[in-house]
Amino acid sequence: MALEHAILVSLTERAGSGYELARRFDRSIGFFWPATHQQIYRVLRRMDDAGWVTHTAVAQEGRPDKKVYQVSVAGRDELTRWLAEPVDVAVLRDGLSVKLRGASLGDPAAVLREVERHRGEHAALLEIFRGIQRRDFPKPAKLSGRELHQYLVLRGGVRAEESFLAWCDEVIEALRSERS
């Protein structure tokens, strides 16, 4: 998948400026398809040149006009084409797993500390996801369409984080037992 497709999905949900789009990525799409603000602006220009998006200039007081982007007919056609294509199975590239595999070659205690650090960061991310779930999807059984699809992506994130935390707990317990 290209960043262009993530942007098309987001702009189909709601038109917005590059800044607004970057903020949306920071709060939602970026959890599973990260992009910097600079990447988003660069890709928006490319998409505008390709005719996948159009923009309207909106005057702002004391600041330059902002461009509010929306998906064009050509952009919707591209999104429809892309949605019908198969997507490659994600390949896990995880430096923490490589460190764990090589722990006996260095300092296993340092690797344990790194697993504990990762566990803490993933626990915090899980709480963010659960907070979004409580706030935005309090009655999941009643969802359909776009809201159901957004909820299902969020649930995938929740389940992935829960699984990762369980694995970290298993690793931490095993490494601590090994040290005893």
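**Exercise 1. Find the domains of this predicted model and describe how they meet.**

Step 1. Start with the bounds. The domain assignment splits the protein into domain 1 (2–84) and domain 2 (95–178).

Step 2. Look at the contact. Domain 1 brings 5 residues to it, and domain 2 brings 7 residues.

Step 3. Check the spacing. From the C-alpha centre of domain 1 to that of domain 2 is 29 Å.

Step 4. Turn to area. About 430 Å² is buried between domain 1 and domain 2. Carbon and sulfur atoms give 69% of that area.

Step 5. Name the main contributors on one side. Glu13, Phe31 and Phe32 supply 86% of the area that domain 1 buries against domain 2. No other three residues of domain 1 supply more.

**Exercise 2. Set the UniProt annotations beside the fold.**

Step 1. Take residues 7–80. UniProt, in an unreviewed entry, labels them "domain: Transcription regulator PadR N-terminal".

Step 2. Read the make-up of residues 7–80. The span is 53% helix and 26% strand. Its end C-alpha atoms lie 14 Å apart.

Step 3. Move to residues 92–176. The UniProt annotation here, also from an unreviewed entry, is "domain: Transcription regulator PadR C-terminal".

Step 4. Read the make-up of residues 92–176. Helix accounts for 80% of the chain there, and strand for 0%. The end C-alpha atoms of this stretch are 26 Å apart.

**Exercise 3. Describe the largest pocket and say which parts of the chain line it.**

Step 1. Give the volume. The largest pocket holds about 1700 Å³ of space.

Step 2. Find its centre. The lining has 43 residues, and Ser28, Ile29, Phe32, Gln150 and Val153 are the closest to the centre of the pocket. Phe32 is also one of the three residues named for the area that domain 1 buries against domain 2.

Step 3. Assign the lining to domains. Domain 1 (2–84) and domain 2 (95–178) each give at least three residues.

Step 4. Assign the lining to helices. At least two residues come from each of α1 (3–13), α2 (18–27), α4 (73–84), α6 (108–136) and α7 (145–179). The largest share is from α7, with 11 residues.

Step 5. Sort the lining of the largest pocket by class. There are 24 nonpolar residues, 9 polar and 10 charged.

Note on methods
Residues are numbered from 1 along each chain as its sequence is written. This is a predicted model: local features need pLDDT of at least 70, side-chain atom pairs count only at pLDDT 80 or more; totals for chains, interfaces and linings use all residues. Side-chain values use heavy atoms; hydrogens and water are left out. On a 1 Å grid over the protein atoms alone, a cavity is a set of points where a 1.4 Å probe fits but cannot get out, and a pocket is an open set with protein on both sides within 12 Å along at least five of seven lines; lining residues have an atom within 4 Å of a point. Grid points are joined across faces, edges and corners, and a volume is the space filled by probe spheres set on the points. Helices (H or I, at least four residues) and strands (E, at least two) are DSSP runs, numbered from the N terminus. Ala, Val, Leu, Ile, Met, Phe, Trp, Tyr, Cys and Pro count as nonpolar, Asp, Glu, Lys and Arg as charged, and the others, Gly among them, as polar. Domain bounds come from an automatic or database domain assignment. UniProt positions are given in the numbering used here, feature names are shortened, and annotations may be inferred rather than shown by experiment. Contact means heavy atoms within 4.5 Å. Buried area is the accessible area (1.4 Å probe) that two parts lose on being put together, summed over both.
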